[in-house]
Amino acid sequence: AVEELKEKYKDAKIVLFDSKISCLGQGMMLIEAATMRNNGATIEEVEKRLEEMRDNINQFCVPESLLYLKNAGRVKASTAFFGNIIGIKPILVSSLEGENVAIEKVKGRKSSLNRIVELASNAIANPKDSVVYVAHSDCEEDANYVVNLIKEKIQPKDVYVNILGPIIGASVGPGTVAIYVEGTKKTI
């Protein structure tokens, strides 16, 4: 695609960039790139900033059910079956390589939502100057619960809420809530 674009737009500078994150993590980078462009930054300055952001955008995600992770081949059928019965919720993060990885398991829905807010609170840099992004798949009430906790515990400049995209949504299923913050460097 880059080669085709370079052929069509011979005078344009085109940079190939892998965000190594999905959903609103990519959105955060796009907003930053557009803001920088609008403020007169060069493409090289934008690329450098996005490279800095890439390792510091933290995603904390919790699905309601393990069924969709099972269907996507992410967990074994037995794990999904027993996990759903006893109410186990995996906390998923995006690794430095862009893979979604379960870092811990929490029992119960409210506990898992509280935990992703706690993790986001620990990871965020400069909360008073930051925007926190929340994505959900068909669970507006749970997303609102998370937003209220974020406003109370993190007290960011703003919180932006959106729906999970169809590709991610199909893998994690309805009832998924994810938080995206810029802050500490990812270690996984």
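This section describes the confidence, strand pairing and nonpolar cores of a predicted model.

The mean pLDDT of the protein is 91, with 93% of the residues at 70 or more. Among the elements, α7 has the highest mean pLDDT, 98, whereas the lowest, 67, belongs to helix α5 (residues 77-86).

Strand β4 (131-136) pairs with two strands. With strand β5 (residues 158-163) the pairing is parallel and comprises six bridges; within it, Y133 has Y160 as its bridge partner. With β6 (177-182) the pairing is antiparallel and comprises four bridges, and H136 of β4 is partnered there by V177. The connection from β4 through α7 to β5 forms a right-handed β-α-β unit. Five of the six residues of β4 are buried, so this strand is largely enclosed by the rest of the structure.

The largest nonpolar core contains 25 residues, of which F60, I116, V134, V146, I150, I179 and V181 touch the most other members. Two or more residues each are contributed by β1 (57-62), β2 (88-94), α6 (109-123), β4, α7 (140-153) and β6. Helix α6 supplies the largest share, with six residues. Residue V146 illustrates the packing: beyond its neighbours up to four places away in sequence, V146 touches L113, V117, V134, V177 and I179. Apart from this core lies another, of 21 residues, which includes M36, L50, C61 and A135. In soluble globular proteins, nonpolar side chains tend to be buried together.

Key: Residues numbered from 1 in each chain as written. Predicted model: local features only at pLDDT ≥ 70, side-chain atom pairs only at ≥ 80, totals over all residues. Heavy atoms only, no water. Core = buried A, V, L, I, M, F, W, Y, C linked by side-chain atoms within 4.5 Å. Buried < 20%, exposed > 50% of the residue type's maximum accessible area, 1.4 Å probe, protein only. Contact = heavy atoms within 4.5 Å. pLDDT = per-residue confidence, 0-100. Pairing = 2+ DSSP bridges. Right-handed = clockwise from strand over helix to strand, strands pointing away.
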